[in-house]
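Here's a quick briefing to read alongside the model. Have the viewer open and follow along, one topic at a time.

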Amino acid sequence: MKNKIEHWKLTVGQTLRALWPLLLAGAVLFALLAAVGGMVWKDYRTALIESQTRQMELVVQSLADSIEFSLDEYEDRLDAAVRKVEADPGHSPTLARSDTLTDLWIEDNDGKVIYSCYGLTPICDMMLTNNGEGITYWQYHSGDRHYLVLKKQAGDKTVCLVVDSETLYEQLVSDLKVGTNGYVMIKNASNRVVMHPERAQWGIDVLEGRRKLYRKAQLDMTSLANLLHTQQVESSGIQDYYSYWWTDPSLPRVRKISAFRQLPVGESFWIVSAVVDYDDLYQPVAESFQKVAILFLSVAVVLGLFLLMVFRLQQKERRNVTEINDLKSLNATLEELHRSEESLAHGQRLQLMGTLTGGIAHEFNNFLTPITGYADIIMAETDPGSEIYDNALEISEAAQKAQDVVKQISSMSRKNVETVYEPVEAAKLVENTRKLVETNCPKQVEIVEDLDVTGEAVLGNSTQLQQVLLNICVNAIHAIGTKGGHLTLRARTVPRAELAERLPEEKISYDWPTYICISVSDDGCGMDKDTLQHIFEPFFTTKKTGEGTGLGLALAEQIIRTHRGWICAESALGKGTTFYIYLPLLEQQHAQEQLQWGQDRKLRILAADDNKKVLDLLTADFAKLGLEVVTCSRRGEVRALLDEQTFDVLAIDESLTGGSGVEFCMSIQGKYPGLTRLVMTNSPTREIVDARRHRVIDGYITKPVSAGTLLEEIRTCQR
């Protein structure tokens, strides 16, 4: 018995000595995790509260814009009534009532109502605002109902437009949720309450009025006074302060957060403020983090127990795996060294190719400069109907194509290269491709050309499209091999239904009813179904190592997709392969009508984009049409130009520096009548589609843009 006890003590002592480093490490790890958790909690809380307050700012901004829009509408209605009275002093104007427009009065010089459309007779409380443009805002009441009255002098009379301010407040604020107890209020520049969820506070001074209203309570309004001062000197912001819940009879003193924004009313302003309980933001964050912390502790306990269980197993297996791990480490080191050598060699080859490419492009430009120059001189000095002129024109066109190829070579390493799109005749595209293929085509391959198009064209880049066709033709020649065969190039116009039938799984746009189908067929070896499914994947190739990269067809598909087209293939082993390229047909007559319409209208266009190449392209493109386009790259410049000059169209990039294009169009809504607002985007998002549906914007254009596409969208919006 004594020996067993001694053995047990010895075993426990050995276990503790073996485990104490692990226990110490666990304690240190737990302390570090606790510290990290504290920092994460702080950052998490700050981030979420900032997100919530940002949402409040957006709510206040949206509400201020809506109120400004409504006030502008009321002022326009009042001005219309004033003009009628001034034109015919004996005429009694009428008013079409609505949810908010209640009555229309005419007062004499003594302020007595001498005419009322609907007989409403509220009592005047006070003047709220004088907008400095002849219109004053007054607050009236009838029983417990409040009204906003806009007044303007019309000769020896005063025309008054009566607005049901309670209905206006309910329409604008009823759908806004601001925390559990939060609310939205509106004050004038003198801190008089214009609108408030507590009807008793309408028209009172925020500080003195509340002290009188709640004179029995000992109210500390120091923090509230600081907030009011901030709202007077700053146009917008977020501030937390201590105040009371005025909608609660017990008047609990709480910490609040206020998001506010000054709303311009003529030369004065109102203050739109959203108030929320600080706990409404903080409490959910704390509760969610507590749950995460409990879950983390539970996982840590389970993990600790698991580590304790596997510790003894690791001790036994450590000696056995040491040698294996050493061998694996050595093998991995050798493999990594081999890969590093291959990667270094590949990088050196790419660097050398880049250097050679730059040199070749430079030399080609030197060769092409005199060719192009002398060709232009010959055409300028020769009769356009002569054979010499035609030969010089062929030289000039060939040199221009060579310049396009050189540009592509020199831009291979640049990002965001802007592509110029122009009408490309399908027949010429196929014919030029055939000529290029014939120069390197083996004798055993016969090229057949079958064109069912004449002047039909697509909008695109001829060099890129020719690159796609050349790549497919070269692959076809390789598939035919040495046995010989036929390579057939076809072009025809097809309806959208044929494309939809060939690609039933794709969503084919209804924007283009007709497509040009260019097909490349060969009677070579063909492909099986499995290979056919992967031909457009990057780095997939059936060629031997070193003969192909597997990027040709992947690049071809990318180019066709950027041209709003589709590419697909049909093939069978031993029966050959056919590639189909569908490109939207360019309605050239329609496009010409758009350009002529733009010239006749002499539109004033303001284009805003932070990419200088896009602006330069639009400037040059519109200059050819005799139209001037004003360009800028920053949001502040756009607003300044709109204030200084009159424009018919604003085309703004969705990702313009300083904020999105949709947000900017929302901020100027109703401010510039007659301005057509267009957003340029890489791809239309739900936000952009919704903005057009709600008339925040008039339309959008998918990049790349040109003068023709921009004029077409403008004309569509102005129909």
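A quick bit of vocabulary before the strands come up: two strands count as paired if DSSP finds at least two bridges between them. By that rule β5 (residues 145–154) and β6 are a pair, running antiparallel and joined by seven bridges. Keep in mind that this is a predicted model. Overall, the protein has 17 helices and 23 strands.

**The big picture**

- Of the protein's 719 residues, 38% count as buried.
- Among contacts with a separation of 6 or more, 60% come from residues 24 or more positions apart.
- About 41,500 Å² of the protein is exposed, and 54% of that is supplied by carbon and sulfur atoms.

**Around β6**

- Strand β6 covers residues 157–163, and six of its seven residues are buried.
- One partner is β5, and in that pairing K152 sits opposite V159 of β6.
- The β5–β6 hairpin leaves two residues between the strands, and G155 there takes a positive phi near 70 degrees.
- Another partner is β1 (residues 101–107), which pairs with β6 in the antiparallel sense over six bridges.
- To find that second pairing in the viewer, look for L101, which stands opposite V163 in β6.

**Helix α4 and its surroundings**

- Does the length of α4 add up, or what should it be? The 12 residues of α4 (residues 222–233) should span 16 Å at 1.5 Å a residue, and the end C-alpha atoms are 17 Å apart, so the two agree.
- Buried residues in α4 are S223, L224, L227, L228, T230 and Q231.
- These buried residues cover an arc of only 160 degrees around the axis, so they fall on the same side of α4.
- On the other side of the helix you'll find T222, H229 and V233, which are exposed.
- So what covers the buried residues of α4? The cover includes two elements that come earlier in the numbering, β7 (183–188) and α3 (208–213), along with β9 (236–244), β10 (253–265) and β11 (268–277).**R211 in α3**

- R211 is a residue of helix α3.
- Is R211 buried or partly exposed? Its relative accessibility is 35%, which is why R211 counts as partly exposed; the band for that label runs between 20% and 50%.
- R211 and M221 are 10 residues apart in sequence, and their C-alpha atoms are 9.0 Å apart in space.

**The β13–β15–β16 pairings**

- Strand β13 (residues 445–451) runs parallel to strand β15 (residues 485–495), with seven bridges joining them.
- V448 stands opposite T488 in β15.
- β15 also pairs with strand β16 (residues 514–522), this time in the antiparallel sense and over nine bridges.
- For that pairing, a handy spot to check is R490, which stands opposite S519 in β16.

**The five-stranded parallel sheet**

- Five strands make up an open sheet with parallel pairing, in the order β20-β19-β21-β22-β23.
- Its edges are β20 (629–632) and β23 (699–702), each of which pairs on one side only.
- On average, neighbouring strands here are turned by 20 degrees against each other, direction ignored.
- Within the sheet, β21 (residues 649–653) and β22 (residues 676–681) pair in the parallel sense over five bridges.
- D653 is the residue that stands opposite M680 in β22.

**Helices against that sheet**

- Helix α16 (residues 686–693) lies across β22 and β23, and it runs at about 145 degrees to β23.
- In helix α14 (residues 635–644), the buried residues are R635, V638, L641 and L642.
- Those residues cover an arc of only 125 degrees around the axis, so they end up on the same side of α14.
- G636 and E644 are exposed, on the face of α14 turned away from its buried side.
- Which elements cover the buried residues of α14? They include the strands β19 (605–608), β20 and β21, plus helix α15 (661–667).

Note on methods. Residues numbered from 1 in each chain as written. Predicted model: local features only at pLDDT ≥ 70, side-chain atom pairs only at ≥ 80, totals over all residues. Heavy atoms only, no water. Helix = DSSP H or I, 4+ residues; strand = E, 2+ residues; numbered from the N terminus. Buried < 20%, exposed > 50% of the residue type's maximum accessible area, 1.4 Å probe, protein only. Contact = heavy atoms within 4.5 Å. Areas by Shrake-Rupley, 256 points an atom, 1.4 Å probe, with all protein chains shown as cover. Expected span 1.5 Å × (residues − 1). Arc of directions from axis to C-beta. Axes fitted to C-alpha atoms, helices over the stretch in contact; angles between N-to-C directions.
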